[in-house]
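This briefing gathers some computed features of a single protein chain, with attention to surface character, charge pairing and helix packing. Please read it alongside the sequence and coordinates shown here.

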Amino acid sequence: MLKSYYPYLKKYKWSCIFGAVSKWIEAVLELLVPLVMANVIDEGVARGQAGIGYVLWGGALMLVMGAVGFGCAVFCQRSASIASQGFGTNVRNALFAHINTLSYREIDKIGSASLVTRVANDVNQMQSAVAMFIRLVVRAPFIAAGSVILCLILDWQIGLIVFGATVLVALVLLVIMKKSVPYYSRNQKKLDRLAQITNENLEGARVVRAFSKREKERARFDGAAEDMLGNSLVIGKITAWLNPLTYAIVNFAVAGILLLSGYKVNTGGFSSGEVIAVINYMMQILNAMIVISNLVSLFTKAHASMLRVDEVFGLRPSVDEGGEAEPDYSAPAFEFCGVSFSYAGNERYSLSDIDLCVQRGKTVGIIGGTGSGKSTLVNLLPRLYDATVGEVKVFGHNVKEYPVRSLRFLFGVVPQNATLFSGTVRSNLFWGNDKATDEEFERALETACARDFVFEKGGLDEPVSEGGKNFSGGQRQRLTIARALAAKPEILILDDSCSALDFATDAKVRENIARLKNVTTVIISQRASSIRSADEIFVLEDGKIVGRGKHEELYASCGVYREICDSQTRAEV
């Protein structure tokens, strides 16, 4: 698994290598300092006035070693920052690009809130792990092992005490980390839940306030936060034992070293400088072990994050790239041949046995109750989903035979939710056609009955805030229709995209669209009046077509359609 992330770090391999080497040099110098200090004490301080020169020489040497070590540390820090930030950027870019290749089925499986957390938080954890790996993975174990070896060289008996203390500290680290590891994975999942609730409340802020559910939503958020807090407290209670236990072991070891070294100093088998050196090495081991414990904690969280990111990378789009078919414009615009469809994880079919055929240039209406499968049906045309059973054809070919990009260029889709992106009106219209001229944009705006209010404001350069919140609901819908028209589609899909428009504007937009030549229009609407003039109307109920024909025919023969019409105003009938 780790190998799969090497390409994202390959560009920075020299930063990793030189950064680690510089940190190793700093560690070597840090291990040598106690030996120099021991010599200064034994050869300089112990000799009094005669040893002044040796003290000055030793002090200067330690200053040089400190300066070189500082330079190595700064270089390592810089190298680690460059490598980790570059790695994080590469992984994040690749992850975002991969998510954009996934079909709706895979995105539904993971959930949008979880995907956001993985792109942001989980990649940050991996990025931090790379930085700490370069900075500390070489240094901390080397310091711990080097300190033990040098203590054994100075005196094997005292070295055994140091070695025993090191083993005990390592066991404490192992036990504590083993108990805390499972909770780090749970924390990321609880963070997903927190992000999901936050996302729902930010997107649905108006709904929350309209229904006065702020207290309820706050309680829901507090519950998720408390759940995450509880898990974090368990981690805290486990890891809280780390410092007291390690310090207790080290302090007992220092006491034992002082006791034994004091005896050895009195008998002449050990010098004062060597005692100071051993105690310094003991403290270095303690610091190294604490660093290692923090590294284990960080790498544990990073490993959990890597598994979550790897899960996304492991998803393969259920919608493949297709073949190389070219549209046959003499064939019907689209056909459904025995199509049934079910969403992932749901055995019940949302669409069942759909058969229909629509000729090019026709206008068709699709109507039905909530949950009848209207939007699901049109989502199969541009392959946002693939049919579970049966075949969907567009201009004479199965949709799976087209390159996905070429297939979607045939469509102009106006979804139920009028989504605009921050920028300007022009930048939003460019989504439909990035090569269109301003004149073409103006024609698209005029067809969508959006030209007047756009040019009353700031024209094509009018700013669009996040989600288009500086436009009304009806204005956003007309701008999304203009965006689809700017693409000059062969098939225009209006998925309940005029629901916020008044009847007169709705009728005007439909009249303008009807004038477009060779454009097949699919209108999904809850309003019978919006589709009554369509060339053919399909009535859906529980995922099945229960009626088809013109308005008058359906009103006379289809009970579902007649019920929909009668439930609306007389003007719509």
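A residue is called buried when its relative accessible area is under 20%, exposed when that value is over 50%, and partly exposed in between. Lys 23, at 9% relative accessibility, therefore counts as buried. The model is a predicted one, and the points below take up helix α2, then the salt bridges beyond it, and finally a pair of packed helices.

**Helix α2 and the nonpolar patch**

- A nonpolar patch of about 810 Å² on the surface is formed by Trp 14, Ile 17, Phe 18, Val 21, Trp 24, Ile 25, Val 64, Val 68 and Phe 75.
- Helices α2 (13-44) and α3 (52-99) each contribute at least two residues to this patch, and the largest share, 6 residues, belongs to α2.
- Trp 24, one of the patch residues, is located in helix α2 and is classed as partly exposed because its relative accessibility is 38%.

**Charge pairing that involves helix α2**

- Lys 23 and Glu 26 are joined by a salt bridge in which the closest N and O atoms are 3.0 Å apart; both residues belong to helix α2, where they are 3 residues apart, or about one turn of the helix.
- Glu 26 has a relative accessibility of 15% and so counts as buried, while its partner Lys 23 is buried at 9%.
- The pair is part of a network of salt bridges that links Lys 23, Glu 26, Glu 30 and Arg 139.

**Other salt bridges**

- Side chains of opposite charge can pair when their charged atoms come close.
- Over the whole structure, the search returns 16 salt bridges, and two further examples are described here.
- Glu 442 pairs with Arg 451 through a salt bridge whose closest N and O atoms lie 3.2 Å apart; Glu 442 is partly exposed, with a relative accessible area of 24%, and Arg 451 is also partly exposed, at 29%.
- Arg 515 and Glu 511 meet through their side chains in a salt bridge of 2.7 Å, N to O; Arg 515 is exposed, with a relative accessible area of 53%, whereas Glu 511 is partly exposed at 40%.

**Packing of helices α15 and α17**

- Helix α15 (residues 438-447) packs with helix α17 (residues 473-486) at an angle of about 130 degrees, and their axes are 8 Å apart.
- Because of that angle, α15 counts as oblique to α17, and the crossing in which α15 passes α17 is right-handed.

Note on methods: Residues are numbered from 1 along each chain as its sequence is written. This is a predicted model: local features need pLDDT of at least 70, side-chain atom pairs count only at pLDDT 80 or more; totals for chains, interfaces and linings use all residues. Side-chain values use heavy atoms; hydrogens and water are left out. Patches are made of residues with over 30% relative accessible area and no salt bridge: like charges are joined within 9 Å, nonpolar side chains (Val, Leu, Ile, Met, Phe, Trp, Tyr) within 5 Å. Accessible areas come from the Shrake-Rupley method with a 1.4 Å probe; for residues, only the protein chains shown count as cover. A salt bridge is a side-chain nitrogen of Lys or Arg within 4 Å of a carboxyl oxygen of Asp or Glu. Helices (H or I, at least four residues) and strands (E, at least two) are DSSP runs, numbered from the N terminus. Buried means under 20% relative accessible area, exposed over 50%, partly exposed in between (1.4 Å probe, protein chains only). Axes are lines fitted to C-alpha atoms, for helices over the stretch in contact, and angles run from 0 to 180 degrees between N-to-C directions. Angles under 35 degrees count as roughly parallel, over 145 as roughly antiparallel, 65 to 115 as roughly perpendicular and the rest as oblique. A crossing is left-handed if the near helix is turned anticlockwise from the far one by less than a right angle, and right-handed if clockwise.
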